[in-house]
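This report looks at charged side chains, at where they sit along the chain and at how they pair. Please keep the sequence and the structure in view while reading.

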Amino acid sequence: MKRLAKGRLLFMLAVTTLFLAGCGEPFISTLQPAGEVAQTQYDLMLLSTFIMVGVIIVVTVIFLIVLFKFRRKDDKIPKQVEGSHKLEIIWTVIPILLLLVLAVPTVAATFDLADVSPMEEKNEDGKTDVTVVNVKANLYWWEFEYPNQGIVTSQELVVPTDEKVYFNLLSTDVKHSFWIPAAGGKLDTNTENTNKFWLEFNSEKADEVGNIFYGKCAELCGPSHALMDFKVKAISKDDFNAWAEDLASMEEAAQPETASAEQGQEIFNQSCIGCHAVTPTGANAVGPNLTTFGDRTHIAGYLKHTEENLKAWIKDPEEFKPGNKMTGQYGNLSDEEIDALTDYLMGLKVED
């Protein structure tokens with residue numbers, strides 16, 4: 001009975017695992033690739049899986065054949081085959097061939113995906129002809145600088161679709177890891193050296209998820225590691241250029257349109273401006289750049305973009321992201337001041 005119960009438990013676990021394996025969402029699943037890099041890595045995963053499963057099937061079949069067809073019927077010792085050059089060659093050559101089948105495309109893909117030479121080539125204006133983003137990881141938020149456009153954003157990465165986007169990855173405090181599951185594998189952000197790679201975002205796949213992909217930190221970096229999310233807005237090249245031009249043309253922050261928002265701007269300039277910028281210039285700020293805060297889809301990387309969540313975040317950031325650097329900075333604000341500050345922040349928009 002105990003064996004039967006264990007067998008049922010293992011069966012249920014296997015079925016549950018198989019069921020959950022199909023639950024990935026396209027905006028964050030490595031099993032639903034949304035770009036050239038992700039597709040290449042997905043194909044390599046399939047190739048390695050097929051090889052492993054094929055080996056398991058062949059070994060299982062041979063085992064069953066030997067078990068049933070050549071089962072001993074008496075005490076006679078079967079013919080021994082040690083020292084057989086033919087068998088030794090077979091079981092030596094086959095693994096080598098399997099390794100070559102896996103190694104050749106893997107090595108080729110590794111060199112291809114590591115080629116970032118286009119981001120090093122400067123044109124007459126001292127800029128690159130490709131889209132480059134300097135990514136800085138912080139506890140627990142992300143900064144995105146576009147050197148060609150001269151603008152800085154945070155928490156929401158905006159990229160053009162159907163072309164290679166090149167990244168310079170750096171950390172300002174501890175080791176983090178930059179990962180957009182649907183677009184490609186992760187790469188660490190270090191404090192002392194800059195890692196570089198490229199990703200590509202397929203426009204058709206972007207349309208399927210409303211042009212929003214999810215990014216995460218994939219390196220244990222502190223108590224809010226699991227909450228260090230960011231969003232990726234993948235749009236057409238024309239829309240990207242228009243967005244960048246609108247942002248670059250901003251000489252001052254978006255102006256408040258209501259009396260409450262005006263009061264919120266005064267509170268912001270007295271309490272928040274030391275850490276947060278509201279213009280798209282100036283990298284390496286203490287806190288996230290808020291120029292496009294009103295256009296974002298999430299607050300603090302993972303909360304829905306609502307006034308209620310923003311008020312709760314300002315009132316007690318520690319509740320939502322333990323260990324963040326904003327904790328305790330604005331505890332002296334009254335509910336009325338938080339309401340006004342919320343109105344101001346929600347009005348910081350660049351998009352129509």
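Does Glu208 count as buried or exposed? In this predicted model, Glu208 has a relative accessibility of 56% and therefore counts as exposed, since the word is used for values over 50%. Glu208 is found in helix 4, which covers residues 203–208, and on the surface Glu208 gathers with Asp162, Glu204 and Asp207 in a patch of negative charge.

**Salt bridges**

Side chains of opposite charge can pair when their charged atoms come close. The structure holds seven salt bridges, and the table gives three pairs, including the distance between the closest N and O atoms in each.

| Acidic residue | Basic residue | Closest N and O atoms |
|---|---|---|
| Glu163 | Lys237 | 3.3 Å |
| Asp188 | Lys175 | 3.9 Å |
| Asp335 | Lys315 | 3.2 Å |

In the salt bridge between Glu163 and Lys237, the closest N and O atoms are 3.3 Å apart. This pair links distant parts of the chain, 74 residues apart, with Glu163 in the loop between strand 4 (156–160) and strand 5 (164–171) and Lys237 in helix 5, residues 237–248. Glu163 has a relative accessible area of 21% and so is partly exposed, while Lys237, at 32% relative accessibility, also counts as partly exposed.

Asp188 forms a salt bridge with Lys175, and here the closest N and O atoms lie 3.9 Å apart. Because Asp188 lies in strand 7 (residues 187–189) and Lys175 in the loop between strand 5 and strand 6 (176–179), the pair ties together parts that are 13 residues apart in sequence. With a relative accessible area of 24%, Asp188 is partly exposed, and Lys175 is partly exposed as well, with a relative accessible area of 37%.

The salt bridge of Asp335 with Lys315 has its closest N and O atoms 3.2 Å apart. Asp335 lies in helix 9 (residues 335–346) and Lys315 in helix 7 (residues 307–315), so this pair ties together parts that are 20 residues apart in sequence. At 44% relative accessibility Asp335 counts as partly exposed, whereas Lys315 is exposed, with a relative accessible area of 51%.

Technical notes: Residues are numbered from 1 along each chain as its sequence is written. This is a predicted model: local features need pLDDT of at least 70, side-chain atom pairs count only at pLDDT 80 or more; totals for chains, interfaces and linings use all residues. Side-chain values use heavy atoms; hydrogens and water are left out. Patches are made of residues with over 30% relative accessible area and no salt bridge: like charges are joined within 9 Å, nonpolar side chains (Val, Leu, Ile, Met, Phe, Trp, Tyr) within 5 Å. Accessible areas come from the Shrake-Rupley method with a 1.4 Å probe; for residues, only the protein chains shown count as cover. A salt bridge is a side-chain nitrogen of Lys or Arg within 4 Å of a carboxyl oxygen of Asp or Glu. Lys and Arg count as positive and Asp and Glu as negative; His and the chain ends are not counted. The place of a charge is taken as NZ of Lys, CZ of Arg, CG of Asp or CD of Glu. Helices (H or I, at least four residues) and strands (E, at least two) are DSSP runs, numbered from the N terminus. Buried means under 20% relative accessible area, exposed over 50%, partly exposed in between (1.4 Å probe, protein chains only).
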